[in-house]
Amino acid sequence: MNIKSEAFEFSRVLVEDVLVLLNDIDSSKATGIDNIGGRFVKDFAKVIARPITQLCNLSIKTSSFPRSCKIAKVIPLFKKGSKTETKNYRPISLLPLISKIIEKVIHSQTQSYLDKNKILYCYQSGFRSKYSTDSCLSYLCDLISKGFDSGLYTGMMLIDLQKAFDTIDHEILLHKMKFLGFLKKVIDWFKCYLSNRTFKVKINE
């Protein structure tokens, strides 16, 4: 890892890039709190690409994430067992599709910076393009096989965290971003993105 202090800042978003993201949206995507569905977004991509691009750039410029994009519509999905037990339901959070476009723009730029500077562990498989549980297991099996061939004992410690994302400390995450060269205004954007989120639960319409 070879990074300079305060090395990363967001770059201006282009209409062409947003148009690609809009065209890639799944038409069957469920609606968020704004009731704008995937079919509408895809069909009118050329019309709404420019205003959404302006929204993305305004978000970057002001280091803020639109408040209306932080309201989730939660649908409790029944899994199994008794329907009177809340633990038998899995909450599905539906966010406005516009928020997903802004997220993808930010993710793309952030991921490029992380990849360019080799910040992520090279064998990390989770939440990375072209990596999966298959690549993780393949690496693990290869490591164990090499150990056996060398006459070594192999042991593993596995941790399964329930609600794994809820265990992330946002303050620690933001502090790490500063250490990794993110500009203050970029960190402020992520701080706004992570804070003051709300949701509404939808049951039987």
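The following dialogue concerns a predicted model and proceeds by questions and answers.

Visitor: In what order do the three strands of the open sheet stand?
Guide: The edge strands are β2 (89-94) and β3 (198-201), and each of these pairs on one side only. Strand β1 pairs with β2 and also with β3. The order of the open sheet is therefore β2-β1-β3.

Visitor: In which sense, parallel or antiparallel, do β1 and β2 pair, and over how many bridges?
Guide: Strands of a sheet pair through backbone hydrogen bonds, either parallel or antiparallel. Phenylalanine 78 stands opposite tyrosine 89 in β2, and proline 76 has proline 91 of β2 as its bridge partner. Strand β1 comprises residues 71-78, and its pairing with β2 is antiparallel, over six bridges.

Visitor: In which sense do β1 and β3 pair, and over how many bridges?
Guide: One of the pairs here joins alanine 72 to its bridge partner in β3, phenylalanine 199. The pairing within the sheet is mixed. For β1 and β3 the sense is parallel, over four bridges.

Visitor: What does the twist average from one strand to the next?
Guide: The open sheet has three strands in mixed pairing. From one strand to the next, the twist averages 35 degrees.

Visitor: Which residues of helix α7 are buried?
Guide: A residue counts as buried when its relative accessible area is under 20%. Aspartate 188 has 29% and is partly exposed, while lysine 184 has 56% and counts as exposed. The buried residues of α7 (residues 184-194) are Val186, Ile187, Trp189, Phe190, Cys192 and Tyr193.

Visitor: What covers the buried residues of α7?
Guide: The residues to be covered include Trp189 and Phe190. Among the elements that cover the buried residues of α7 are α3 (45-62), α4 (97-116) and α6 (170-179).

Visitor: How many residues apart are lysine 185 and glutamate 9, which form a salt bridge?
Guide: Lysine 185 lies in helix α7, whereas glutamate 9 lies in the segment before α1 (15-23), and the pair thus links distant parts of the chain. The closest N and O atoms of this salt bridge are 3.3 Å apart. Lysine 185 is partly exposed at 45% relative accessible area, and glutamate 9 is partly exposed at 42%. Along the chain, the two residues are separated by 176 residues.

Visitor: How far apart are the closest N and O atoms of aspartate 188 and lysine 184?
Guide: An α-helix has 3.6 residues a turn, so residues three or four places apart point the same way. Aspartate 188 and lysine 184 are four residues apart in helix α7 and are therefore separated by about one helical turn. They form a salt bridge in which the closest N and O atoms are 2.9 Å apart.

Visitor: Is glutamate 103, the salt-bridge partner of lysine 100, buried or exposed?
Guide: Lysine 100 and glutamate 103 are three residues apart in helix α4, which means that about one helical turn separates them. Their closest N and O atoms are 3.2 Å apart. Lysine 100 is partly exposed at 34% relative accessible area. Because its relative accessibility is 15%, glutamate 103 counts as buried.

Visitor: How many salt bridges does the structure hold?
Guide: Among them are the pair of lysine 185 with glutamate 9 and the pair of lysine 100 with glutamate 103. The salt bridges in the structure number five.

Visitor: What is the accessible area of the nonpolar patch formed by Phe127, Phe165, Ile168 and Leu173?
Guide: Phenylalanine 127 is located in the loop between α4 and α5 (133-149). Because its relative accessible area is 72%, phenylalanine 127 is exposed. Together, the four residues Phe127, Phe165, Ile168 and Leu173 form a surface patch with an accessible area of about 450 Å².

Visitor: What phi does lysine 130 have?
Guide: Lysine 130 lies in the loop between α4 and α5. This lysine is exposed, with a relative accessible area of 82%. Although lysine 130 is not a glycine, its phi is positive, at about 70 degrees.

Visitor: What phi does asparagine 196 take, just after α7?
Guide: Asparagine 196 is placed in the loop between α7 and β3. With a relative accessible area of 66%, asparagine 196 is exposed. Asparagine 196 is not a glycine, yet its phi is positive, at about 55 degrees.

Note on methods
Residues are numbered from 1 along each chain as its sequence is written. This is a predicted model: local features need pLDDT of at least 70, side-chain atom pairs count only at pLDDT 80 or more; totals for chains, interfaces and linings use all residues. Side-chain values use heavy atoms; hydrogens and water are left out. Buried means under 20% relative accessible area, exposed over 50%, partly exposed in between (1.4 Å probe, protein chains only). Contact means heavy atoms within 4.5 Å. Patches are made of residues with over 30% relative accessible area and no salt bridge: like charges are joined within 9 Å, nonpolar side chains (Val, Leu, Ile, Met, Phe, Trp, Tyr) within 5 Å. Accessible areas come from the Shrake-Rupley method with a 1.4 Å probe; for residues, only the protein chains shown count as cover. A salt bridge is a side-chain nitrogen of Lys or Arg within 4 Å of a carboxyl oxygen of Asp or Glu. Two strands pair if DSSP finds at least two bridges between them. Axes are lines fitted to C-alpha atoms, for helices over the stretch in contact, and angles run from 0 to 180 degrees between N-to-C directions.
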